[in-house]
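Welcome! Please open your viewer, and let us take a walk through this protein, one selection at a time.

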Amino acid sequence: MGIGVMRNCQTAAELLKNVAERGAWGNELMEAHALYHKGFTDSALIKYLILAEQGYEVAQANVAFILDKDETDFISNLKSRYKRAFVNWKRAAAQGFGGARLKLGDYYYYGQGTDADPVEAAEQYQIASDVDHNPQAMFNLGYMHELGIGRAQDMHLAKRYYDMAASASVDAHVPTMLANAKLLAKLHIEWLIQFYKEFTFTMLYDSVLVWYTSWVVYLTDKVETLSEFFVQLDETATEDWDIYLMSILAVVLGLVMALRGHNIRMAQQQNMQRQPPNQ
């Protein structure tokens, strides 16, 4: 009704849903959960199926989870099991469960329970990335952009999504580091292949000419810098020549005295070694 706050029907429906699911009838969810942890998977699945048909998001996700993990003999046919799991993932995703959105993308990508549709898989991953900030969805989008599956091939976008996944989760650091390394290696290999295809001696000559020109410019700048340095040094030396001369003479005198002292010590040691021992 918009009393005291901005009117938003979607938020109102979500809050009402949270309250409604916490009624006394929600105890059946806890019973199904207890049965599952005691190992009565089939009994838990039946309860979850009933609750899922009543619209419980948690029950829908749990039904899909049990069927996806093949933890029950209640539905033995693999194709039928994936179809029912796909329906429940889709229902849970429609109610805002981010994990279900990611699994929905996986089902579209691999064609489980539905026809394979990489474009739709990328759309589901995009929603999980934008709305739920799911690092796995970001990584998957990077992979699809890298290979051009369901999305246009774009190495820069692939790296962006890999980096986003690393920022969203600490656990994604190692996988994204390896993915970025592979991406960088692929870019270099593609550049080398393209260079080999387009290689001509004219291109080689142009490359060498550009390289030679750049080095000539670099060395010219260095020579000019050194020339300016020596000019300044010469001007300074001309003004204070007596100071520099005295400094050089002092260094030479110090070296001579140190060498002379060393020679004297060496001679004394030799004389001591030549003297006979006392009787």
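## Start with confidence

This is a predicted model, and its mean pLDDT over the protein is 82, with 80% of the residues scoring at least 70. Colour the chain by pLDDT and pick out helix α1 (residues 9–20), where confidence is lowest, at a mean of 66. Then jump to helix α8 (residues 135–147), where confidence is highest, at 95. A word of care as you look around: where pLDDT is low, the predicted coordinates should not be read in detail.

## Into the core

Next, select Tyr48, Ala59, Val63, Trp89 and Tyr125. Of the 35 residues in the largest nonpolar core, these touch the most other members. The elements that give two or more residues to this core are α2 (27–37), α3 (41–53), α4 (57–68), α5 (78–94), α6 (98–110), α7 and α8. Apart from this core lies another, of 5 residues, including Met155, Ala158, Tyr162 and Ala179.

Now zoom in on tyrosine 48. Which residues does tyrosine 48 touch, not counting residues up to four places away in sequence? Show Leu29, Ala32, His33, Ala59, Asn62, Val63 and Ile66, and you have its partners.

## A stop in helix α7

Move on to serine 129, which you will find in helix α7 (residues 118–132). Is serine 129 buried or exposed? Its relative accessibility is 2%, so serine 129 counts as buried. Leaving aside neighbours within four places in sequence, serine 129 is in contact with Asn134, Ala137, Met138, Leu141, Tyr161 and Met164.

## Following the salt bridges

There are 8 salt bridges in the structure. For one of them, stay in helix α7 and select glutamate 123, then add arginine 151: their closest N and O atoms are 3.8 Å apart. Arginine 151 sits in the loop between α8 and α9 (155–168), 28 residues away from glutamate 123. Glutamate 123 is partly exposed, at 36% relative accessibility.

For the last stop, select glutamate 146. This residue is buried, with a relative accessible area of 0%. Add lysine 182, which meets glutamate 146 in a salt bridge (3.3 Å, N to O). Glutamate 146 lies in helix α8 and lysine 182 in helix α10 (residues 173–197), so this pair ties together parts that are 36 residues apart in sequence.

Keep glutamate 146 selected and add lysine 186, also a salt-bridge partner, with the closest N and O atoms 3.1 Å apart. Lysine 186 lies in helix α10, 40 residues from glutamate 146. Shared partners join Glu146, Lys182 and Lys186 into one network of salt bridges. Lysine 182 is partly exposed, at 39%, and lysine 186 is partly exposed too, at 22%.

Terms used. Residues numbered from 1 in each chain as written. Predicted model: local features only at pLDDT ≥ 70, side-chain atom pairs only at ≥ 80, totals over all residues. Heavy atoms only, no water. pLDDT = per-residue confidence, 0-100. Helix = DSSP H or I, 4+ residues; strand = E, 2+ residues; numbered from the N terminus. Buried < 20%, exposed > 50% of the residue type's maximum accessible area, 1.4 Å probe, protein only. Contact = heavy atoms within 4.5 Å. Core = buried A, V, L, I, M, F, W, Y, C linked by side-chain atoms within 4.5 Å. Salt bridge = Lys/Arg side-chain N within 4 Å of Asp/Glu carboxyl O.
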